Amino acid sequence: MCACRCGIKVHLKDGGIRYIEGNRNHPVNKGVLCAKGSAGIMQHYSPARLQKPLLRVGPRGSGEFKEIEWEEALSTAASWLGRIRQSDARKLAFFTGRDQSQALTGWWASQFGTPNYAAHGGFCSVNMAAAGFTRSAARSGSSASPTGTRPVPPDVRRRRGP
Ligand code: SF4
């Protein structure tokens, strides 16, 4: 449920998630699971979770949205992104928060054709230092990348809080 990425074991019953516990063999958490991690079950079953794409229908910041079908959401996104990709895919800067899908979002950005991708982990100074990325490397255009796709050593993860 956060960027620490603790290992878990998910117990199923009758096709549904019943219980989540920490994985004792995982090097990051060694079986420990915080309350937020235990609450991961609600990502699947909370009545308040997002169940469909939302389209903003009011002014930005008004919080007015309506549910739309995936087909409409995808065609809307494809029309916006298609124009950018046809002119120069690198015009797209794709930043994500502390998402748990950096392998997917990083892959998506590379398939789109933009190198301008970063997840939260890419901006975090602890992560960047662990990846050997420095400000001088950034200025000189070094190939050392601050993207979130780079693995963070377990000892660095343990020093960071959830
Ligand atoms: S610290 Fe908690 S929320 Fe974060 S990954 Fe570990 S169990 Fe999940």
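Helices are DSSP runs of H or I with at least four residues, strands are DSSP runs of E with at least two, and both are numbered from the N terminus. On that basis, Leu 92 falls in the loop that connects α3 (70-88) to β5 (94-95). The model is predicted. The protein has 162 residues, of which 29% count as buried, and it contains eight helices and six strands. This briefing covers the overall layout, the ligand shell, the β1-β2 hairpin, the loop residues that follow the hairpin, Leu 92 and the aromatic pairs.

**Overall layout**

- In sequence order, the secondary structure reads β-β-α-α-β-β-α-β-α-β-α-α-α-α.
- The accessible surface of the protein is about 11200 Å², and carbon and sulfur atoms supply 56% of that area.
- Among contacts in the protein with a separation of 6 or more, 36% are between residues 24 or more positions apart.

**Ligand shell**

- Nine residues surround the ligand, and those that come nearest are Met 1, Cys 2, Cys 6, Leu 33 and Cys 34.
- By residue class, the shell consists of six nonpolar residues, one polar residue and two charged residues.

**N-terminal segment and the β1-β2 hairpin**

- Arg 5 sits in the segment that precedes β1.
- The phi angle of Arg 5 is positive, near 55 degrees, although the residue is not a glycine.
- Arg 5 counts as partly exposed because its relative accessibility is 30%, which falls between the cut-offs of 20% for buried and 50% for exposed.
- Strands β1 (residues 8-13) and β2 (residues 16-22) run antiparallel and are joined by six bridges.
- One pairing within this arrangement is Lys 9 with Glu 21, its bridge partner in β2.
- The two strands form a hairpin with two residues between them, and Asp 14, in the turn, has a positive phi of about 50 degrees.
- In a regular strand, side chains alternate between the two faces of the sheet.

**Loop between β2 and α1**

- Asn 23 belongs to the loop between β2 and α1 (35-38).
- Asn 23 counts as buried because its relative accessibility of 17% is under the 20% cut-off.
- Setting aside neighbours within four places in sequence, Asn 23 contacts Gly 7, Ile 8, Lys 9, Asn 29, Lys 30 and Gly 31.
- Lys 9 therefore appears twice in this account: as the bridge partner of Glu 21 and as a contact of Asn 23, a residue that is buried at 17% relative accessibility.
- Lys 30, one of the residues that Asn 23 contacts, is also located in the loop between β2 and α1.
- Lys 30 is not a glycine, yet its phi is positive at about 50 degrees.
- Which class does Lys 30 fall into, buried or exposed? Lys 30 counts as exposed, because its relative accessibility of 55% is over the 50% cut-off.

**Leu 92**

- Leu 92 counts as buried because its relative accessibility is 14%, under the 20% cut-off.
- Beyond residues up to four places away in sequence, Leu 92 touches Leu 81, Ile 84, Trp 108, Phe 112, Thr 114 and Asn 116.
- The C-alpha atom of Leu 92 is 8.5 Å from that of Tyr 117, a residue 25 positions away along the chain.

**Aromatic pairs**

- A pair of aromatic rings is described by the distance of the centres and the angle of the planes.
- The count of aromatic pairs comes to three.
- One of them joins Phe 94 and Trp 108, with ring centres 5.2 Å apart and planes at 65 degrees, an edge-to-face geometry.
- This pair links distant parts of the chain, with Phe 94 in strand β5 and Trp 108 in helix α4 (residues 102-112), 14 residues apart.
- Both partners count as partly exposed: Phe 94 has a relative accessible area of 22%, and Trp 108 has a relative accessibility of 31%.
- Phe 94 also pairs with Tyr 117: the centres are 5.8 Å apart and the planes lie at 45 degrees, so this pair is tilted.
- Because Phe 94 is in strand β5 and Tyr 117 is in strand β6 (residues 117-118), the tilted pair ties together parts that are 23 residues apart in sequence.
- Tyr 117 counts as buried because its relative accessibility is 7%, under the 20% cut-off.
- Which residues do the ring pairs link into a cluster? The cluster consists of Phe 94, Trp 108, Phe 112 and Tyr 117.
- Leu 92 touches Trp 108 and Phe 112, which are members of this cluster.

Notes. Residues are numbered from 1 along each chain as its sequence is written. This is a predicted model: local features need pLDDT of at least 70, side-chain atom pairs count only at pLDDT 80 or more; totals for chains, interfaces and linings use all residues. Side-chain values use heavy atoms; hydrogens and water are left out. A residue is near a molecule or strand if one of its heavy atoms lies within 4 Å of it. Ala, Val, Leu, Ile, Met, Phe, Trp, Tyr, Cys and Pro count as nonpolar, Asp, Glu, Lys and Arg as charged, and the others, Gly among them, as polar. Buried means under 20% relative accessible area, exposed over 50%, partly exposed in between (1.4 Å probe, protein chains only). Contact means heavy atoms within 4.5 Å. Accessible areas come from the Shrake-Rupley method with a 1.4 Å probe; for residues, only the protein chains shown count as cover. Two strands pair if DSSP finds at least two bridges between them. Rings of Phe, Tyr and Trp (its six-membered ring) pair if their centres lie within 6.5 Å; planes under 30 degrees apart count as stacked, over 60 as edge-to-face and the rest as tilted.
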